[in-house]
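Me: I have a model open and want to learn how to read its sheets and its ligand site. Can you take me through them?

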Amino acid sequence: MMYVSTRDANEKVSASQAILKGLASDGGLFVPEEIPKLDADIETLAEMTYQQTAYAVMKQYLTDFTKEELESCIRAAYDDKFDTKEIAPLREADGACYLELFHGATIAFKDMALSILPHLMTTAARKNQVKNEIVILTATSGDTGKAALAGFAGVKGTKIIVFYPKNGVSPIQEKQMVTQKGDNTFVVGIHGNFDEAQTGVKKMFADASLAEELNAAGYQFSSANSINIGRLVPQIVYYVYAYSRLYKTGVIGSGEPINVVVPTGNFGNILAAFYAKNMGLPIAKLICASNENKVLYDFFSTGVYNKNREFILTSSPSMDILISSNLERLIYRVAGNNPAYNTQLMNRLKTDGKYEITPEMKERLSDFYGSYASESETADMIRGLYEKTGYIIDTHTAVAAAVYEKYKQETGDCGTKTVIASTASPFKFTRSVMRAIDVKYDSMSDFELADELARIGNVKIPQAIEEIRTADIRHNTVCEVQGMPDTVRKFLAI
Ligand SMILES: *Cc1c(COP(=O)(O)O)cnc(C)c1O
């Protein structure tokens, strides 16, 4: 299986090379030449552990990894860093199945991919005789940063530098990042929003003279952002796993289609579900849930992607995104795997901040349903579900749950079993979650709120929260957007 750039069919690389490069030289994203069909049947899948499912799915994409290499990466990633053997358990509440993707080291779904990416990357480096030390450069709206830091901390032959919007992440997210241990970790707050951080990182990746400087000093950049194919592929796994659990427990019959609802920002998670569907997993609708930054909802309803709008800070900050990078992979596909046309649209996005797809392309998006939830709808969802069932969900998951309610009302499709991707523990966004349940909690401190959440939700405080109660702040660098390259030079002493 080879990977091609979404902007140039001639840039063709192996899986390990695509993982190392992150982004193609022309600024495109790597996509598999063809989406493979699942080669295990449902009876077999139903008997597999999470790790075995991961191998069954990933071996079809990462074909230049040996069995031993891939199994060793999987073993190193999905171990007791996760607080449940199931890795990604399903929880039924009020008629929907919540797929809890937050049982890893940083209690958010990015752990699912970022706990394996460092191992895939160092294995890929070995396979390709890379001598340089790998410098991971990441822009984060909160969760990626900490999950990437936790994944790469202490991994030999790597350094990681994370940029986050100084005033655009939750206090707990910030505390999690600035307390990160590990001599190879660096954390920087920027004066700007997430999109500016991401654009700054992309500029550094595209800067040939900076790459030259790095190479001379024995370094090379790579990306841990959700554009890396090594992030996307591990995310396909949990949709297959969820389906096989539903089958195993008799919730669905063989071949019965399910809906999937995904709280969406950069479009990585829902794209993984789309890949799973194209592998043959019986998924009916891919329900794309946005918060008030509803670029994707507008795109699915009109065929126009337009980022020229006010950037809104919401209670689901990991979805506060106006440029959904991974959408490019879908655009490329619905354009008939046409790099030239995709490039045209992406250039238009760069110059005009918007583009419009053709009616034929729009027709090919019929697997998707897009909607959004306002701040008050999100809060109402958290409170309503808690009062009805006692189950407490985080703000991002609540956006998805609220959109699922809208979907049922609008389409009348109440019978299809539905999996809602639960992307963060409520303990990660405690203040917003508790305020949604009752404004009286506003006066409590963050840690008092965590204790209260544990009490009323009847759940244990996750280890990740316990840890930061007492942790020392180790990172305090702040810079302007233009100062990002110099900050990198300073960290690398070049
Ligand atoms: C990153 C993130 C999302 C959005 O996922 P994408 O793959 O970027 O669409 C949703 N919820 C949480 C909690 C996240 O951290």
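Reply: Start with strand order and pairing sense. This model is predicted. Here an open sheet of three strands runs in the order β2-β1-β3, and its pairing is antiparallel.

Me: Which strands are the edge strands?

Reply: Look for strands that pair on one side only. In this sheet they are β2 (8-13) and β3 (30-32). Neighbouring strands are turned by 40 degrees against each other on average, with direction ignored.

Me: How many bridges join strand β1 to β3?

Reply: Count along the pair. Three bridges join β1 (residues 3-5) to β3, and the two run antiparallel. To fix the register, pick one facing pair: V4 stands opposite V31 in β3.

Me: What is the strand order in the sheet of six strands?

Reply: Read across the sheet from one edge to the other. The order is β4-β5-β15-β10-β11-β14. This sheet is open too, but its pairing is mixed.

Me: Why is one side of β4 and of β14 left without a neighbour in the sheet?

Reply: Count partners. β4 (90-93) and β14 (368-372) stand at the edges with a single partner strand each, so one side of each has no neighbour in the sheet. From one strand to the next, the twist averages 25 degrees.

Me: In what sense do β4 and β5 pair, parallel or antiparallel?

Reply: Compare the strand directions. β4 pairs with β5 (residues 96-100) in the antiparallel sense, over four bridges. One residue pair marks the register: L90 has L99 in β5 as its bridge partner.

Me: Now the ligand. Which residues come nearest?

Reply: List the surrounding residues, then rank them. There are 15 residues around the ligand, and K110, D143, G265, N266 and T423 come nearest.

Me: What lies 2.5 Å from an oxygen atom of the ligand?

Reply: Separate side-chain contacts from backbone ones. At 2.5 Å from a ligand oxygen is a polar side-chain atom of K110. F267 places a backbone N or O atom 3.0 Å from an oxygen of the ligand. For N269, a backbone N or O atom lies 2.8 Å from a ligand oxygen.

Me: How much of the ligand's exposed area does the protein bury?

Reply: Compare the ligand alone with the ligand in place. Alone, the ligand exposes 380 Å², and the protein buries 98% of that. The space the ligand takes is the largest cavity.

Methods. Residues are numbered from 1 along each chain as its sequence is written. This is a predicted model: local features need pLDDT of at least 70, side-chain atom pairs count only at pLDDT 80 or more; totals for chains, interfaces and linings use all residues. Side-chain values use heavy atoms; hydrogens and water are left out. Two strands pair if DSSP finds at least two bridges between them. Axes are lines fitted to C-alpha atoms, for helices over the stretch in contact, and angles run from 0 to 180 degrees between N-to-C directions. A residue is near a molecule or strand if one of its heavy atoms lies within 4 Å of it. A polar contact is a pair of N or O atoms within 3.5 Å; within protein, one must be able to donate a hydrogen and the other to accept it, and residues adjacent in sequence count only if both atoms are side-chain atoms. Accessible areas come from the Shrake-Rupley method with a 1.4 Å probe; for residues, only the protein chains shown count as cover. On a 1 Å grid over the protein atoms alone, a cavity is a set of points where a 1.4 Å probe fits but cannot get out, and a pocket is an open set with protein on both sides within 12 Å along at least five of seven lines; lining residues have an atom within 4 Å of a point. A molecule sits in a cavity or pocket if more than half of its atoms lie within 2 Å of its grid points.
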